[in-house]
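Walk through this structure with me. We begin with the ligand and its contacts, then turn to one residue in a strand.

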Amino acid sequence: MVRSTVAHVDLAALQANFRAIQAFLAEGGPEGPPLRVRRAEPSGPAAPPRIIAVVKANAYGHGAERVALALEEAGADLLACADIEEGVALRRAGVRVPVLVFGALSVSDLDGLFEYALTPTISTPAAARAVQEAAAKHRVRLGYHLKIDTGMNRLGFRHDNLRRTLPDLLGSANLRLEAIYTHFSTADMPDSPLFHDQRIRFEMAASVVDELAARQAPDVGLQEQDTTGGRVGGRRLPRHACNSAALLRDSRVWYDMVRPGLLLYGIVPPPIASTIPLQPVMSLTSRVVAVKGLRPGEGVGYGRTYQAETPRSIAVVPAGYADGLDTRLGGRGQVLIRGRRVPIVGAVSMDMLTVDVTGLDVEPGDQVVIIGRQGTESWQQIDAREMAAAIGTIPWEIVCRIGARIERQYSAK
Ligand SMILES: *Cc1c(COP(=O)(O)O)cnc(C)c1O
């Protein structure tokens, strides 16, 4: 049994997006080869950064298991998720590449890190102590990525007092530093100077970490157990910083690895433009369940927020806010029916919404495209970025909120 509202996830499009990002990185980005980032090894060849594919939050609502396996097949070097529980779900689905956990772990159940071979981020002194203790209990030396806070002021060791805060962590007998990273707070705001400040702070902080790490372990023999595959020469640890917006914006911050999320799903973070040929991965469709006539003066739905001035035809679509469709879409959003854009009118309710189909020959059973394409004209497509703009939110939220009761149907070609 399948409900009439379904999310279609195109795994071939996902893999094509992954490869398109790879090609963009190999070509050196929008500026082309001259600004291309050089690798850690001073004399080594310039190589494009490796990709950490971000599949947190159920792969941005697309379904973490299938998406993760498809990205692994496409060649992702690493996957990243938000917490240990998500990482465990990836391993249970059969993911074999290293899995980086972004979240802070000081209050987590840490056993999953060891049982499922996950790579934690250490971003606070409390997490450092907790993970060291757990690693000692499991009698292993666990590789981790170190997060530096360069201006987001959320998680991470502050960039400006590492000499005081890091030695304890670096001296932890059961932990092994594999990479250093930071996260940009304004990568999608072209006019914000903080982006460049964060870049400078990160580079200075990373040098300090390299220096402290080398002092702590002069004969760093980290290489053999480096689960993320970074080459640790004892001189410079692998670095990463880019989310999708930063990746598009500035090849100077590509460093050794990049961490795209949104781009993989075929969505470009607003307001940034992209030349990467991406395809949307998810579409959301439904079917008209009823068509109703409104007489002038009559309203529709809760609160009668829409009233007909002339005779109108209203189609009822069985998808509502319980399916993740924002209530603000009422009066603002559109859907596609019979190849036309029609407005969502009245309040979005829990299990249904109503659209004005006056003048169209609409019948129960007709396909409704809520996100996706219906026809070949450019206006016959509604994407997450457009929907987000219509209601004043961000496309990440649109896809992440697609409800749990909506079935994801996968196509691979
Ligand atoms: C979510 C996340 C990303 C990916 O962000 P996008 O904007 O979706 O590309 C990268 N890094 C970290 C630390 C994240 O939490």
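An oxygen atom of the ligand is 2.9 Å from an N or O atom in the Trp396 side chain. This is a predicted model, so that distance is computed from predicted coordinates. Tyr60 also offers a polar contact: a polar atom of its side chain lies 2.5 Å from a ligand oxygen atom. Arg259 pairs with a nitrogen atom of the ligand, where the distance to an N or O atom of the arginine side chain is 2.8 Å. Polar contacts are counted here within 3.5 Å.

How much of the ligand does the protein cover? On its own, the ligand has 390 Å² of accessible area, and the protein covers 91% of that. The space that the ligand takes up is the largest pocket.

Now look at the residues around it. Trp396, Tyr60 and Arg259 belong to the shell that surrounds the ligand. Val54, Lys56, Phe102 and His183 are also part of that shell. So are Asn243 and Ser244. The run Pro260, Gly261 and Leu262 completes the list. Sorted by class, the shell holds six nonpolar residues, four polar ones and two charged ones.

Next, move to strand E15, which spans residues 312-317 and includes Ile314. Is Ile314 buried or exposed? Its relative accessible area is 2%. Buried means under 20%, so Ile314 counts as buried. Finally, find Ala290. Ala290 and Ile314 are 24 residues apart along the chain, and 8.3 Å separates their C-alpha atoms.

Notes:
Residues are numbered from 1 along each chain as its sequence is written. This is a predicted model: local features need pLDDT of at least 70, side-chain atom pairs count only at pLDDT 80 or more; totals for chains, interfaces and linings use all residues. Side-chain values use heavy atoms; hydrogens and water are left out. A residue is near a molecule or strand if one of its heavy atoms lies within 4 Å of it. A polar contact is a pair of N or O atoms within 3.5 Å; within protein, one must be able to donate a hydrogen and the other to accept it, and residues adjacent in sequence count only if both atoms are side-chain atoms. Accessible areas come from the Shrake-Rupley method with a 1.4 Å probe; for residues, only the protein chains shown count as cover. On a 1 Å grid over the protein atoms alone, a cavity is a set of points where a 1.4 Å probe fits but cannot get out, and a pocket is an open set with protein on both sides within 12 Å along at least five of seven lines; lining residues have an atom within 4 Å of a point. A molecule sits in a cavity or pocket if more than half of its atoms lie within 2 Å of its grid points. Ala, Val, Leu, Ile, Met, Phe, Trp, Tyr, Cys and Pro count as nonpolar, Asp, Glu, Lys and Arg as charged, and the others, Gly among them, as polar. Helices (H or I, at least four residues) and strands (E, at least two) are DSSP runs, numbered from the N terminus. Buried means under 20% relative accessible area, exposed over 50%, partly exposed in between (1.4 Å probe, protein chains only).
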